[in-house]
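Please open the structure in your viewer and keep the sequence at hand. The tour goes from one selection to the next.

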Amino acid sequence: MSKIHSTAIIDKNCVIGKNVTVGAHTVIEGNVKIDDVKDIIEINEESIPAVNTVSLMQFKSFLRDSIYFKVVTNRSQKICGFLLVLPSGLEYDSLNYKWFSSRYEKFAYIDRIAISKNWRNKGMGKSLYTDLENTLKDYNLIACEFFSPRSSTVTLSGINSPKFFTISF
């Protein structure tokens, strides 16, 4: 399966591409590399319970199967967050993924987004979601499920596009 590559300016503070920074402090590096997985696991684990724990082997499978798997870094090139999206048609043992699979033929499934605690509320998640929308234009449905405690709006803060809507089950 081929990976999707893109280069697009998100705003004056964030650029999608290879090691390019415009403005303040963030860069979306492009597709995840095997060397990034250790940092991604750390960010994933500190984001529990908004995401569940994932093994190194499972992240390696995600790396192979994903249609969008990008990291966001600070100016020092330290990974501060990531967004992972899987295509439809996989054998993936997720009840939510299976729910979408049983109802939709083609979709892109946002499996997880996680931003390091020190870098939240700085627009990194929003930049990843914006890049995702711009990158996966061939998909009519970009699906996700999320954990959202009643007192938390962190999970939804990057999704403010009219293209996102809620499906309950």
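The stops below cover strands, a helix, two cores and some salt bridges in what is a predicted model.

**Stop 1: strand β4**

Select residues 68-74, which make up β4. Seven of the seven residues in β4 are buried. Colour Y68, K70, V72 and N74 in one shade and F69, V71 and T73 in another: the two sets point opposite ways from the strand. In a regular strand the side chains alternate between the two faces of the sheet.

**Stop 2: the hairpin to β5**

Now add residues 79-87, strand β5. β4 and β5 are paired antiparallel through six bridges. To find one matched pair, show F69 of β4 with its bridge partner in β5, L84. Four residues separate the two strands, which form a hairpin, and in the turn Q77 has a positive phi of about 65 degrees.

**Stop 3: strand β6**

Extend the selection to residues 108-115, strand β6. Is β6 enclosed or open? Eight of its eight residues are buried, so β6 is largely enclosed by the rest of the structure. On one side, β5 and β6 run antiparallel and are joined by seven bridges; here F82 is placed opposite A114. β6 also pairs with β7, residues 142-144, this time in parallel over three bridges. In that pairing A108 faces I142. Follow the chain from β6 to β7: the path goes through helix α4, and the β-α-β crossover is right-handed.

**Stop 4: helix α4**

Select residues 124-135 to isolate α4. The helix has twelve residues and reaches 16 Å from its first C-alpha to its last, close to the 16 Å expected at 1.5 Å a residue. Because nine of those twelve residues are buried, α4 is largely enclosed by the rest of the structure. Among the buried ones are M124, L128, Y129, D131 and L132. Keep D131 displayed for a later stop.

**Stop 5: the nonpolar cores**

In soluble globular proteins, nonpolar side chains tend to be buried together. Show the side chains of I40, F59, F62, F69, F82 and Y109: within the largest nonpolar core, which has 24 residues, these touch the most other members. At least two residues of this core come from each of α1 (37-46), α2 (56-65), β4, β5, α3 (95-103) and β6. Centre the view on I40. Which residues does I40 contact, leaving aside its neighbours within four places in sequence? They are V32, F59, F69, V71 and F82. Next, pick out V72, A108, I110 and I142, which belong to a second, separate core of 18 residues.

**Stop 6: salt bridges**

How many salt bridges does the structure hold? There are five, and three are visited here.

Start with K70 and D131, whose closest N and O atoms are 2.9 Å apart. This pair links distant parts of the chain, with K70 in β4 and D131 in α4, 61 residues apart. Both residues are buried.

Move to D111 and R112, where the side chains form a salt bridge at 2.8 Å, N to O. D111 and R112 are both buried as well.

Finish at R64 and D65, joined by a salt bridge at 2.9 Å, N to O. Is R64 buried or exposed? R64 has 55% relative accessibility, so it counts as exposed, the cut-off being over 50%.

Technical notes: Residues numbered from 1 in each chain as written. Predicted model: local features only at pLDDT ≥ 70, side-chain atom pairs only at ≥ 80, totals over all residues. Heavy atoms only, no water. Buried < 20%, exposed > 50% of the residue type's maximum accessible area, 1.4 Å probe, protein only. Pairing = 2+ DSSP bridges. Right-handed = clockwise from strand over helix to strand, strands pointing away. Core = buried A, V, L, I, M, F, W, Y, C linked by side-chain atoms within 4.5 Å. Contact = heavy atoms within 4.5 Å. Expected span 1.5 Å × (residues − 1). Salt bridge = Lys/Arg side-chain N within 4 Å of Asp/Glu carboxyl O.
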